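Me: I'd like to learn how to read a few features of a protein model. Could you walk me through them?

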Amino acid sequence: MGTKRGRVFSGARPTGRQHLGNYLGAIQNYVALQKDYDCVYCIVDLHALTTMETTRELRDNTREMALDWLAAGIRPDETIMFVQSNVPEVTELHTILSMVTPLGKLTDLPTFKEKVRQQPDNINYGLVGYPVLMAADIVLYKSDFVPVGIDQAPHIEFTREVVRSFNYRYGTDVLIEPAMKSTEIPKVLGTDGQQKMSKSLNNHIELAASEAETVERVMSMVTDPQRKRRSDPGDPDVCNVFSMHKVFSAPQQVDQVNTECRRAGIGCVECKQMFARNLNAHLTPFRARRAELARRPEHVWEVLHDGAERARLIARETMRQVHEAVGLP
Ligand code: SF4
């Protein structure tokens, strides 16, 4: 890894096959950042354990997600791409950082309170320490930047506070305060046109879906709710299909939909068919690369293991410095 403009770290839970929301909200940005930064992208399986009821699909989900990342353009020869639990140093750093983190601070965090509301029967110790593990993820790799949307700024600020506490307590500067790399993360709505696209809501469109499945999903998309009949003029500004056109269709088609929808010159069926065609065309090269990668099932694991080896080189050095700073015998 040669130094570019600094090191970027980002982690994502192993959620299996990725959808358009993941693509527009994170993966596209991951790919773009590789040009200017040394990137460390981690599949955070330990974080996932805090909310999972079963781990049956953990391995498959990890592989499927990694396949999508690679097919989308993550370059493992430059970027370190790996699975969190394959670098056990992170759990040790988590323990050490937990000693400089006041418990009240963790239980006061809105994200913890939200989890308590979501899973009242499974308020486990890991949930409380989640932000500390996240801080450990970031600082273990001496990350300069973390790409996040504005709503996640408090997480990065929390990490910075933990770093300051550690460095102050042990009179050192071995841990680096990461900066937030503010990223405009679009809120991608699901096919229901109401809620954020998500697998659990089954309102998603998978990147790796077949063309026919994609068409089926697109045709189920909710449009302008006021447009009841083909002869009613519509309002593209409140229609999620139009939002998607703006991302995946050519500018003149976007203009055409914008104009024709308002004067009922185009029907929603035709409009969605047009979007589905454009989306499928956009995803064709991705799907071809993915199919090629999937033909060699061992390849994705080799990439992840190699990434873990490279991540561990950085992690071991950080932990050597941490041991020395803390005075561990
Ligand atoms: S024509 Fe297109 S943009 Fe207009 S409401 Fe229907 S789907 Fe939405």
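**Reading the model feature by feature**

Reply: Happy to! K142 lies in the loop between α7 and β4 (145-148). Keep in mind that this is a predicted model. The backbone of K142 has a positive phi of about 50 degrees, although K142 is not a glycine.

Me: Where does A264 lie, and what is its phi?

Reply: A264 sits in the loop between α11 and α12. Its phi is positive, about 55 degrees, and A264 is not a glycine either.

Me: Is A264 buried or exposed?

Reply: The general idea is to compare relative accessibility with a cut-off: buried means under 20%. A264 has 16% relative accessibility, so it counts as buried.

Me: Let's try a loop residue again. Where is Q84 placed, and what is it in contact with?

Reply: Q84 belongs to the loop between β3 (80-83) and α4. Its relative accessibility is 1%, so Q84 counts as buried. For contacts, set aside the neighbours within four places in sequence; Q84 then contacts C42, I43, V44, D45, L46, H47, V90, L133 and D137.

Me: Which residues of helix α4 are buried?

Reply: In α4 (residues 89-98), they are E89, V90, L93, I96 and L97. To read such a list, look down the helix axis: the buried residues of α4 fall within an arc of 120 degrees, so they line one face of the helix. Among the elements covering these residues are α2 (45-49), α7 (125-140), α8 (153-169) and α13 (297-326).

Me: How about I205: where is it, and what does it touch?

Reply: I205 is in the loop between β5 (179-182) and α9 (211-219). With 1% relative accessibility, it counts as buried. Not counting residues up to four places away in sequence, I205 touches H19, L20, T191, M197, T214, R217, V218, M221 and L279. As for distance, the C-alpha atoms of I205 and Q118 are separated by 25 Å, and these two residues are 87 residues apart along the chain.

Me: Now the ligand. Which residues surround it?

Reply: A shell is read first by its members, and here they are T223, D224, R227, C239, V241, F242, V257, C261, C268 and C271. Next come the elements: α10 (240-248), α11 (251-262) and α12 (268-294) each give two or more residues to the shell.

Me: What is the shell like by class, and what space does the ligand take?

Reply: By class, the shell has 7 nonpolar, 1 polar and 2 charged residues. The ligand takes the space of the largest cavity.

Key:
Residues numbered from 1 in each chain as written. Predicted model: local features only at pLDDT ≥ 70, side-chain atom pairs only at ≥ 80, totals over all residues. Heavy atoms only, no water. Buried < 20%, exposed > 50% of the residue type's maximum accessible area, 1.4 Å probe, protein only. Helix = DSSP H or I, 4+ residues; strand = E, 2+ residues; numbered from the N terminus. Arc of directions from axis to C-beta. Contact = heavy atoms within 4.5 Å. Near = heavy atom within 4 Å. 1 Å grid on protein atoms, 1.4 Å probe; cavity = no way out; pocket = protein on both sides within 12 Å on 5 of 7 lines; lining within 4 Å. Sits in = over half its atoms within 2 Å of the grid points. Nonpolar A, V, L, I, M, F, W, Y, C, P; charged D, E, K, R; others polar.
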